[in-house]
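Work through the exercises below with the coordinates open. Each task is followed by its solution in steps.

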Amino acid sequence: MKEVKGFSKVRVFGAYIMIALCVFLGILGVLFMESPLIAAEKKVIVQAMDRDPDILDAMKAAWYSDALIYLHDRLISRDYDFRYRPGLATGWDVSEDGLIWVLHLRKGVTFHDGTPFTAKDVKWTIDTIKDPKTASPYAGDLKAIDEVKIIDDHTVQMELKYPFPNLLFNLSNTASGIQKAGCYEEYGEYYGIKTVMGTGPFMFKQWVRGDRIVLVKNPDYNWGPEWMSNRGPALFDELVIRTIPEESSRIMELITGGVHVLRDVPPLQADKLKENPDINLFIDQSTRLGYLAYACDKKPFDDVLVRRAINHAVDRETIVKYIFSGYATPAYGYLPPALKDEYLEESEELGYKYDPARAKALLAEAGFPKGFETTLSAENDSTSKRLAEVLQAQLAEVGIKAKIQLYDSASYVAMLKAGQQDLFVRLYSWPNADILDWFLLSTQFPYPNHSRWCDPKTDELINSAATAPTWEIRAERYKEVQQYLIEQAVWCPIYIPDKMLAVRKEVINFKNHPWMIQYSDGIDIVTK
Amino acid sequence: MLRYFVRRMAFLVLTLLGATIVIFSMLHLAPGDPIDLIVGPNVTPEVRENIRHQYGLDRPLAVQYLSFMKSLLHGDLGNSIIQHKPVSELIAERFFVTLELSLTALFISFLISIPIGIKAALKRNTVTDYALMALSLIGISMPTFWFGLMLLYIVAFKLRFFPISGYGTWRHLFLPALTIGITDAALLARMVRSSMLEVIRQDYIRTARSKGLPERVVINRHALRNALIPIITLLGLRIGGVVGGSVVVEIVFARPGLGRLMVDSILARDYPVVQGVMVVLTTCIILGNLLADILYAVVDPRIKLK
């Protein structure tokens with residue numbers, strides 16, 4: 001037995017030597033730690049996202065990436081107050097009937113390969129988005145444009161089929177980032193994967209799928225919009241957008257400085273990050289809206305009394321407090337207040353407050369004194385699941401017994417398309433009133449009109465708003481739409497989550513923009 | 001020997017055939033439509049049909065399967081619907097990220113489990129044995145997801161010895177490999193222990209001892225060699241499970257590997273990519289098992305490949 005012991009000691013000793021070696025190498029690694037992302041001489045800002053885009057082509061990307069914002073400029077920009085301001089177009093004249101838009105283009109702008117930007121790039125970009133062969137998800141946004149005419153190198157004329165003031169928004173949207181005319185032919189099938197050609201403040205360097213997108217500053221950039229304090233090149237060298245799917249890993253990276261900027265901070269982490277001395281947390285109202293919807297063409301949801309009862313049964317304050325730790329606002333209307341021009345100020349006043357007694361009374365009036373049984377569908381992410389559970393309990397209070405059904409996102413869409421839903425939970429994220437067209441016009445039935453709301457009056461109100469001759473009239477008419485939707489209780493709006501952005505303090509001159517981070521506007525990083 | 005290989009290869013083809021049929025039908029039976037994810041609902045039905053046609057999704061399932069198999073025989077895995085790139089390229093980009101992780105994890109698990117297993121076997125029914133086996137039980141019971149996050153939290157986040165996520169250098173590789181390595185080692189240590197115990201009771205060990213061989217030689221040359229069988233089994237499984245075993249770890253540590261590609265593609269109903277990954281995966285499993293079978297024969301000449 002002695003020898004046995006001796007042997008095992010030798011073996012185990014050998015193993016320990018190996019482990020010690022590993023530990024030694026580990027320590028060595030720590031000592032010579034030099035993350036490739038944070039090289040000393042280059043100034044790099046790292047932002048984390050939860051997933052990779054499908055393609056880095058603004059007009060084709062279905063899974064949007066922030067990189068697209070910085071690679072391209074758009075004809076129209078949005079300033080810190082979210083107003084529409086000149087971008088690549090220095091100005092635009094709209095005819096009185098709203099049918100002809102003349103845009104004057106900025107001079108001295110070049111693409112990342114040095115080619116000057118002219119009217120033909122604008123025409124190419126818009127024509128290509130509209131071309132059915134491109135299969136752009138955004139083709140519908142520009143359907144009002146009948147033709148783009150080149151007047152001269154720096155003037156284009158857009159002829160519209162009908163007045164469409166929202167073109168302002170659609171031309172300022174990421175999808176409308178101006179790309180170089182003929183880039184598909186020039187770069188072939190790897191356009192959007194290995195090359196991207198825009199005029200933006202950052203240029204494409206590398207995309208390692210599932211890992212990172214690296215952008216370098218455009219040293220020639222001097223055509224930033226007038227409202228920026230720095231209209232020239234960005235002050236730092238590289239912008240790295242990393243894909244980190246796991247939420248806790250993203251947060252840990254932020255706290256340890258591996259990541260400097262994190263969008264969409266989860267509410268449960270907000271308090272902790274707020275107390276962190278190295279991090280600034282910017283909290284703003286988002287342009288999202290979470291709601292409970294129902295198949296309005298099915299019994300009993302075809303009865304407005306039942307729909308109002310559901311609206312009265314939901315305690316929004318409790319949901320905001322317990323599911324979102326207070327980092328959300330109760331919603332009573334159909335648009336988020338961040339859409340200053342179009343939002344109906346009286347939404348809360350006109351909307352339905354929490355009142356279970358009233359809900360029961362309405363149900364009784366509709367012929368359901370004992371309530372009814374139904375299903376409640378949701379996606380199986382943690383927030384939707386918890387929301388569904390709370391809603392289930394609140395609805396049960398007034399006698400509506402809902403069975404929860406959970407789906408992954410592809411199956412959820414398939415289920416909604418097939419019209420199998422009763423009650424269901426949704427969240428939209430969109431900074432424009434045309435989201436109501438998207439979800440509620442009868443032409444959108446059965447999907448995305450998943451609340452199965454086909455109503456001539458709604459169609460009429462929305463269409464008249466969308467084709468109003470001016471932006472102001474459009475805004476007024478969308479208020480009428482919202483008022484009517486509240487009256488009809490088409491959805492049960494619940495919450496507007498806060499938009500939370502965490503930025504490490506090494507990142508200086510950071511200004512919070514309501515839509516996207518303006519990295520070229522004087523933002524810099526100080527390395528310790 | 002040659003006949004054995006021919007038979008195994010034929011078996012590989014048959015298994016692949018079966019696997020592709022199962023995968024193909026299961027994928028297409030699941031609700032959801034990849035077209036929704038690429039074009040969104042606001043396009044005309046003509047455009048949708050156009051794209052559906054472009055990817056051949058408008059044909060009957062059987063025809064789609066046959067054309068998939070035909071391309072496969074030409075070595076072509078088709079194009080990703082979502083990522084606009086050939087599937088083979090997507091897999092090639094990620095395969096080595098995952099292989100690197102799996103092999104390092106395998107190495108770590110051997111490094112830990114073999115000494116522990118032997119030690120526990122030789123000290124059978126002592127405190128050392130119980131302690132080591134209790135440790136291994138804890139290791140088996142820990143969910144990889146949780147263990148990975150804990151390692152991340154303590155070693156990378158609190159102690160800052162290693163980067164938290166990403167990939168590229170060996171420092172990015174260490175923690176994810178350790179996560180899988182330790183989890184595997186826990187199971188393997190028990191396997192090594194039990195097979196070691198079985199072997200040292202054998203007659204030939206007694207013979208070896210009685211003819212006066214030093215104990216070290218007895219254990220090293222006679223016992224360990226026979227006790228290696230379970231280790232080889234794990235080797236085969238691990239090589240086969242390159243993808244499966246590392247999905248969770250790849251998500252936690254943000255490594256752009258094959259496992260994540262597969263999960264993302266399943267969620268997006270990106271049929272060609274899922275099929276492609278599954279073909280690679282099935283091939284790996286079969287080859288891994290084949291490798292294990294060959295190694296059995298190398299280690300133990302009594303095992304013949306028939």
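**Exercise 1.** Locate Ala254(B) between its flanking helices, then give the sign of its phi and decide whether it is buried or exposed.

Step 1. Go to chain B of this predicted model. Ala254(B) sits in the loop that joins α12 (247-252) to α13 (258-267).

Step 2. Read the backbone torsion. Phi of Ala254(B) is positive, about 55°, and the residue is not a glycine.

Step 3. Count neighbours. Ala254(B) has 27 C-beta neighbours inside 10 Å. The cut-off for buried is 20 or more. Ala254(B) is therefore buried.

**Exercise 2.** Do the same for Ala135(A): find its loop, its phi and its burial class.

Step 1. In chain A, the loop between α3 (119-130) and β6 (145-152) holds Ala135(A).

Step 2. Phi of Ala135(A) is near 55°. That is a positive value in a residue other than glycine.

Step 3. Ala135(A) has 19 other C-beta atoms within 10 Å. Buried needs 20 or more, and exposed needs 12 or fewer. Ala135(A) therefore counts as partly exposed.

**Exercise 3.** Classify the peptide bonds from Lys299(A) to Pro300(A) and from Tyr447(A) to Pro448(A) as cis or trans, and place each proline.

Step 1. Take Lys299(A) to Pro300(A). Omega is near 0°, and the bond is cis.

Step 2. Place Pro300(A). It belongs to the loop between β13 (288-294) and α8 (304-313) of chain A.

Step 3. Take Tyr447(A) to Pro448(A). Omega is near 10°, and this bond is cis.

Step 4. Place Pro448(A). Its loop runs between α14 (435-440) and α15 (456-466) of chain A.

Technical notes
Residues are numbered from 1 along each chain as its sequence is written. Chains are lettered from A and ligands numbered from 1 in the order in which they are written. This is a predicted model: local features need pLDDT of at least 70, side-chain atom pairs count only at pLDDT 80 or more; totals for chains, interfaces and linings use all residues. Helices (H or I, at least four residues) and strands (E, at least two) are DSSP runs, numbered from the N terminus.
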